[in-house]
Every structure is written in structure tokens, then in C-alpha cells.
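The following report concerns a single protein chain and the contacts within it. The sequence and the structure are shown first, and the description follows.

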Amino acid sequence: MSVENNVFMHPDSLPTPEAWARAIRAVGFQLDIDTEFDWETFEGFLPAKYKGLDAGFELYKEDFDLSELSDEEQTELGDRSLLVTLITHSDTRQYMSSMIASAVLCSISDGRLADSGEPPFIKPEEAVHWAQGCEPDVEKMLDE
């Protein structure tokens, strides 16, 4: 099973990897992402540590054609034409790391987050709370 978290943002709102990592820790998540990548050339698996254990997610960035969306979705996104996609498969720690990383990325970039790749969109002021709310459920899955 693959899960996508899509973050739509303004192209000029993309944070540096270091700023993204600091923001994740600043809101209290125990997630450390690898910051040794370049947004312009990187795509593939981005290693991370969730609560000190191996995690991570696939990371992709692309320009997005907003005309592919409904009028309502276009209105919601405005000119957020950059799409950052975080993908995980069957690993629960990777799934949690993707949720956290996408939520914080949405929050700090004034983005819109599509959980599981589909609207409705989660707004930046709701994104971190969404991930915090999901964390206990995912923690239960990790304990099983």
C-alpha cells in the first residue's frame, strides 16, 4: 500500500532543507530528516529518524498544472503551482515521518496539504494539529 501526501505551495515558498528540519523540531516532533540534499536535483528516498529509529519517505518536487483541477480546487490553491510529494509504502515509521514532514512543510510554506494525495486540502494553520492528532494512532500501530 502506498500513501501520498501532497503539499501545494508557491514556488518561492520552498524552505531550505535545514529550515524544514528546524521547523519540524520546533513544533515538538521527534523527527530528524536528512538535510544533505538539494531541492533542484534530489528525488527519491530521503532518510530520516523518527524517535531515533530509521524512517524516511520518497520525496519528489514538480511544477503542477493547476488547470487539471476543478474550479473549486483551483480557487483553494490560488497560484500554489509547486507540488512536493512525500510517498511511503508499508512501513509505519516511514508513514509517520511523511505525515509529520508534509504537515510542517505545509505549515511553514503557506501551502495546502492533500492527505493521501486527494483533496480536501488541509490548510497551514491546521496541518501540524492534523499530524499531532494522527501520531497516537500511528504509535499504536508501531506497538503492535
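The side chain of S97 reaches the backbone oxygen of G56, at a distance of 3.1 Å. The model in which this contact is found is a predicted one. S97 belongs to helix α3, which spans residues 92-109. The residue counts as buried because its relative accessibility is 0%. When neighbours within four places in sequence are left aside, the residues in contact with S97 are L31, A55, G56 and F57.

A further residue of helix α3 is L105. With a relative accessible area of 0%, L105 is buried. Residues up to four places away in sequence not being counted, L105 touches V7, M9, P15, W20 and V84. For the pair L105 and V84, the separation is 21 residues in sequence and 9.1 Å in space, taken from C-alpha to C-alpha.

**The sheet and helix α1**

Six strands form an open sheet in the order β2-β3-β4-β5-β1-β6, and their pairing is antiparallel. At the edges stand β2 and β6 (112-115), each of which pairs on one side only. On average, and with direction ignored, neighbouring strands of this sheet are turned by 25 degrees against each other. The antiparallel strands β2 and β3 are joined by three bridges. L31 has Y50 of β3 opposite. Helix α1 packs on the sheet, where it touches β2, β3, β4 and β5, and its direction makes about 175 degrees with that of β2.

Helix α1 comprises residues 17-26, and its buried residues are P17, W20, A21, A23 and I24. Seen down the axis of α1, these buried residues fall within an arc of 160 degrees, so they line one face of the helix. The face turned away from the buried side carries R22 and A26, which are exposed. The cover over the buried residues of α1 includes β2 (31-33), β3 (44-50), β4 (53-63), β5 (82-88) and α3. Just after α1, G28 takes a positive phi of about 100 degrees.

**Salt bridges**

Side chains of opposite charge can pair when their charged atoms come close. With a cut-off of 4 Å between a side-chain nitrogen of Lys or Arg and a carboxyl oxygen of Asp or Glu, the count comes to six salt bridges. The table gives three pairs, among them two that involve R112.

| Salt bridge | N to O distance |
|---|---|
| E40 and K61 | 3.7 Å |
| E76 and R112 | 2.8 Å |
| D110 and R112 | 3.7 Å |

E40 and K61 meet through their side chains. This pair links distant parts of the chain, with E40 in the loop between β2 and β3, K61 in strand β4, and the two positions 21 residues apart. E40 counts as exposed at 62% relative accessibility, whereas K61, with a relative accessible area of 26%, is partly exposed.

How many residues apart in sequence are the parts that E76 and R112 tie together? E76 lies in helix α2 (residues 71-77) and R112 in strand β6, so their salt bridge ties together parts that are 36 residues apart in sequence. E76 is partly exposed at 24% relative accessibility, while R112 is buried with a relative accessible area of 11%. D110, which also forms a salt bridge with R112, is partly exposed with a relative accessible area of 37%. A network of salt bridges links E76, R80, D110 and R112.

Methods:
Residues numbered from 1 in each chain as written. Predicted model: local features only at pLDDT ≥ 70, side-chain atom pairs only at ≥ 80, totals over all residues. Heavy atoms only, no water. Helix = DSSP H or I, 4+ residues; strand = E, 2+ residues; numbered from the N terminus. Buried < 20%, exposed > 50% of the residue type's maximum accessible area, 1.4 Å probe, protein only. Polar contact = N/O pair within 3.5 Å; in protein donor to acceptor, adjacent residues only side chain to side chain. Contact = heavy atoms within 4.5 Å. Arc of directions from axis to C-beta. Pairing = 2+ DSSP bridges. Axes fitted to C-alpha atoms, helices over the stretch in contact; angles between N-to-C directions.
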